[in-house]
Every structure is written in structure tokens, then in C-alpha cells.
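Me: I would like a close look at one part of this model, with the reasoning spelled out step by step.

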Amino acid sequence: MDSVRLDKWLWAARFFKTRALAKKAIEGGKVHYNGDRAKTSKSVELGALIRVPQGWDVWEVEVLALSDQRRGAPEARALYRETAESVARRERESEARRLTNQAMQHPLKRPDKKQRREIQRFQRRQGD
């Protein structure tokens, strides 16, 4: 296989569930190919660095193989290799999110009428 469109490769590598979602992300400027914004029809080359958002995380991967067919996850993972910096950054950000969520105290129950009135008074004072 000589060349594959960027949207097809991202779909085949299972970064996006549909080609339409891949196309939308590329056109929205979320996906970067070798550090620059790319077009949907950009031909993917071996050794290229692609930056792809995945939920809270941003993956930076190097292209190892080309494919325009969507196959199983183990075969899809063989199409790319994530850079060491990307792995470290994702783990660091994941840990920070986990610690932030632990620090937040969620109320055990909904506020009663008196507490709601106090919250509303506080919010009105903050707005002034």
C-alpha cells in the first residue's frame, strides 16, 4: 500500500469510531500531522508524527504501517507507536485528574430548603 488518506488511517487505527468523526476532528484543527494542521485528504507516510485528541488525553503517535481497513484492536495498535513523551504526559495528567477528583468532596445529600436559601443569598452577594 503506497498511500492512505489521513481520515481513513485514523479510522483504521481506531482513534475514531467513524470516518465522519475523524474528518470532523481534522477539519476542526484538532489533529496535527508533523506539527501542522492537516487536511482530510492528506496522504499518511511512514514515520510521520500525528497528534490526536482522545477525550481528556492527547496522543502523539508515530506511523509504523499503513492501512485503510478497520480491523481488530491488536492489529490497529500495530499501525502506530506512541512516543515516550506522550505516554509520560498522559500518565501525569491522568494522575492529576485522579487527585483532583479525590480532593473534591461531594455532598452526601441534596441541600434542604434552608440551605438552598443560604446558597442563593451567597450567590447574590457574589454577583454584586
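At its relative accessibility, does Asp-57 count as buried or exposed? Please start from that residue and its charged partner, and then place the pair among the other salt bridges.

Reply: The model is a predicted one, and what follows should be read with that in mind. Asp-57 counts as buried, because its relative accessibility is 14% and the cut-off for buried is under 20%. Its side chain meets that of Arg-97 in a salt bridge, with 3.2 Å from N to O. Since Asp-57 belongs to strand 6 (residues 57-63) and Arg-97 to helix 4 (residues 84-103), the pair ties together parts that lie 40 residues apart in sequence. The two partners fall into separate classes of accessibility, for Arg-97 has a relative accessible area of 26% and is therefore partly exposed, whereas Asp-57 is buried. As a general matter, side chains of opposite charge can pair when their charged atoms come close.

Turning to the other pairs, the structure holds 8 salt bridges, and among them is the one between Glu-60 and Arg-51, whose closest N and O atoms are 3.8 Å apart. Here Glu-60 is buried, its relative accessible area being 19%, and this value falls under the 20% cut-off for buried. Arg-51, by contrast, counts as partly exposed because its relative accessibility is 35%. Another salt bridge joins the side chains of Glu-82 and Arg-90, at 2.7 Å from N to O, and Glu-82 counts as buried at 17% relative accessibility. Besides these pairs, Arg-5, Asp-7 and Arg-19 are linked in a network of salt bridges.

The network also leads towards helix 2, which spans residues 19-27, Arg-19 being one of the residues linked in that network. Within helix 2, Ala-22, Ala-25 and Ile-26 are buried, and, seen down the helix axis, the buried residues fall within an arc of 100°, so that they line one face of the helix. The face turned away from this buried side carries Ala-20 and Lys-24, which are exposed. Helix 1 (6-12) is included in what covers the buried residues of helix 2. After helix 2 comes Gly-29, with a positive phi near 80°.

To return to the starting point, Asp-57 is a buried residue that forms its salt bridge with Arg-97, a residue that is itself partly exposed.

Note on methods:
Residues are numbered from 1 along each chain as its sequence is written. This is a predicted model: local features need pLDDT of at least 70, side-chain atom pairs count only at pLDDT 80 or more; totals for chains, interfaces and linings use all residues. Side-chain values use heavy atoms; hydrogens and water are left out. A salt bridge is a side-chain nitrogen of Lys or Arg within 4 Å of a carboxyl oxygen of Asp or Glu. Buried means under 20% relative accessible area, exposed over 50%, partly exposed in between (1.4 Å probe, protein chains only). Helices (H or I, at least four residues) and strands (E, at least two) are DSSP runs, numbered from the N terminus. The arc is that of the directions from the helix axis to the C-beta atoms. Contact means heavy atoms within 4.5 Å.
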